[in-house]
Amino acid sequence: MDDLLQEAKHTAYISTIDLKYGYHQVNVNPADRDKIAFVCPFGTYRLKRMPFGLKNAPATFQRLMDIFRRGLPVLAYLDDIIIMSPTFEQHLADLEAVFKRLMDFKLRANREKCQFSCSRVKYLGLWITPQGIEVDHEKTSAILGIPSPKNEEEKAFQTLKQCLVSPPILKQADFSKPFLIRTNASNYALGAVLLQGEDEKEHPVEFTSRLLNPAERNYSTTEREALAVLWALNKFKGYIDGASITVASDHQPLRWLMKLKSPTGRLARWALKLQSFNLNMEYISGKSNVVADMLSRPACHEENELCEVCTVAIDVPSRSPKEIRDEQMKDEELVKIISCLEDPDKNVNYVNWVERGYLMNQGVLFRYAPDSESEEAQLVIPSHERTLILKNHHDAPMAGHYGAEGTYTRIAKNYYWTGMRKYITDYVKNCPDCIKYKASNQKPFRLLQTPVPAQRFETLVIDLFGPLPERKEGKRWILIIEDCITKWVELFALPNATAKEYVPLP
């Protein structure tokens with residue numbers, strides 16, 4: 001597509017032809033029709049014409065169009081044909097040659113979608129004019145749709161917006177030069193701008209932005225910034241596919257995504273998708289990323305009603321650092337660590353606690369896990385508050401009574417204490433609601449295997465019964481022997497229940 005746009009010349013007369021029925025105009029080789037057969041309630045059918053949805057259908061149809069346009073002054077991308085001529089007489093001759101070629105190839109055109117002898121036409125998302133290629137206004141709507149600030153002069157603001165989306169500021173992409181993408185993510189939207197050039201010659205190629213869906217708004221800051229990068233790469237893929245790309249963001253931990261040792265879940269999928277691009281991540285300051293920052297914060301046009309753009313979630317801390325420190329000082333083990341870290345002499349234990357990730361911030365003890373993928377330090381919880389943490393993250397109505405691993409993962413993002421995994425596992429195993437309502441995931445017991453006997457007296461059952469009132473013979477115990485097959489029972493009287501009395505049986 002990019003090669004076709006580069007071939008577009010400065011011409012005065014332009015016509016576009018849209019082919020009818022698309023892929024259905026191509027016959028399928030009879031030997032290959034069995035491969036695309038399908039079954040329905042009325043029987044099994046084979047397609048004689050190439051259907052939509054085949055993996056090689058676009059390439060096959062484009063190969064047909066490449067053969068079609070040989071020797072003609074036309075451009076063709078799938079079923080879109082464009083004819084460009086310098087004069088009207090030449091344009092009529094070119095149209096006649098194209099129509100004759102359509103008859104030879106038995107291709108049909110859609111008259112309602114065709115445009116003839118126009119000065120400017122929209123082709124492949126861009127406007128082709130006698131002066132060259134112009135950007136479609138839909139691609140600049142992210143800039144043009146920004147309302148003017150109430151404290152700015154209206155005329156100056158409108159002039160600035162118009163300059164951003166007009167030449168020479170907004171130019172056609174030059175595929176011989178590297179591309180630069182700047183991204184940003186806010187609490188409710190993503191913004192990105194595709195740039196080329198350096199320093200004073202830097203100019204935008206395309207602007208884009210979109211709102212986050214409810215699920216994406218729950219992402220952490222780093223995950224939202226990573227989503228902005230991935231979304232921008234997919235949005236501008238038609239420009240940057242196979243080219244050298246530099247992605248600049250004002251979120252410095254974003255480079256961590258490219259260096260994850262063992263990514264899992266969503267991050268693993270994102271890391272794999274980023275590997276398909278020739279990517280270089282760079283950090284820029286926030287004041288240098290104003291365009292993407294503005295695109296990621298679209299203004300609200302509603303004056304009287306609340307909307308999702310205006311609604312911003314803010315985490316307000318419920319306790320001050322002094323209150324948290326006071327609770328930590330009630331735990332003797334934490335007092336030792338805090339005293340060691342705050343000791344100006346830095347004794348021998350100081351290095352030990354620092355290497356284990358402990359640190360002080362505003363008088364509060366935190367711990368940073370060096371092996372963790374998280375960029376945030378966890379608050380160290382004193383012993384008397386651990387049960388409360390479990391109740392909030394496991395027993396609360398919005399917690400969902402997760403299993404031991406899920407509860408641990410949720411708590412470990414923000415909190416830490418020694419032996420946390422075992423403590424959480426024991427708590428979840430003894431949760432009354434989980435025991436009562438959750439189904440057991442243990443495998444059921446196997447069916448009882450009853451042995452099949454081969455002969456009598458193969459299996460005997462022996463038991464002692466007593467002591468009983470002593471008889472004249474001095475015997476108080478009865479030895480009972482039963483054959484499990486015939487149910488035959490033998491009884492033997494014994495004076496004592498000892499091994500010595502067992503052996504000399506009559």
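How many salt bridges does the count come to? The count comes to twelve salt bridges. The model is a predicted one, and the exercises below work through parts of it.

**Exercise 1. Find where the two partners of the salt bridge between Glu 202 and Arg 182 sit, and say how covered each one is.**

Step 1: Start with the contact itself. The side chains of Glu 202 and Arg 182 meet with 3.3 Å from N to O.

Step 2: Place the partners. Glu 202 lies in the loop between S11 and S12, while Arg 182 belongs to strand S10, and 20 residues separate the two.

Step 3: Apply the cut-off: buried means under 20% relative accessible area. Arg 182 has 18%, so this residue is buried. Glu 202, with 29%, is partly exposed.

**Exercise 2. Lay out the open sheet that contains S10, and find the helix that packs on it.**

Step 1: Write down the order of its five strands, which is S12-S11-S10-S13-S14, with mixed pairing.

Step 2: Look for strands that pair on one side only; these edge strands are S12 (203-211) and S14 (278-283). On average, neighbouring strands are turned by 20 degrees against each other, direction ignored.

Step 3: Zoom in on one pair. S10 (residues 179-185) and S13 (residues 244-249) run in the parallel sense over five bridges, and Leu 180 has Thr 246 of S13 as its bridge partner.

Step 4: Add the helix. H6 (residues 221-235) packs on the sheet and touches S10, S11, S12, S13 and S14; its direction makes about 140 degrees with that of S10.

**Exercise 3. Explain why the buried residues of helix H10 line one face.**

Step 1: List the buried residues of H10 (residues 321-328): Ile 324, Glu 327 and Gln 328.

Step 2: Look down the axis. The buried residues of H10 fall within an arc of 100 degrees, so they line one face of the helix. As a reminder, an α-helix has 3.6 residues a turn, so residues three or four places apart point the same way.

Step 3: Ask what covers them. The cover includes helix H11 (332-342), strand S16 (364-367) and strand S17 (378-380).

Step 4: Check for a link between H10 and H11. Arg 325 forms a salt bridge with Glu 342, their closest N and O atoms being 2.8 Å apart. Glu 342 is in H11 and Arg 325 in H10, 17 residues apart. Both are partly exposed, Glu 342 with a relative accessible area of 39% and Arg 325 with 23%.

Technical notes
Residues numbered from 1 in each chain as written. Predicted model: local features only at pLDDT ≥ 70, side-chain atom pairs only at ≥ 80, totals over all residues. Heavy atoms only, no water. Buried < 20%, exposed > 50% of the residue type's maximum accessible area, 1.4 Å probe, protein only. Helix = DSSP H or I, 4+ residues; strand = E, 2+ residues; numbered from the N terminus. Arc of directions from axis to C-beta. Contact = heavy atoms within 4.5 Å. Pairing = 2+ DSSP bridges. Axes fitted to C-alpha atoms, helices over the stretch in contact; angles between N-to-C directions. Salt bridge = Lys/Arg side-chain N within 4 Å of Asp/Glu carboxyl O.
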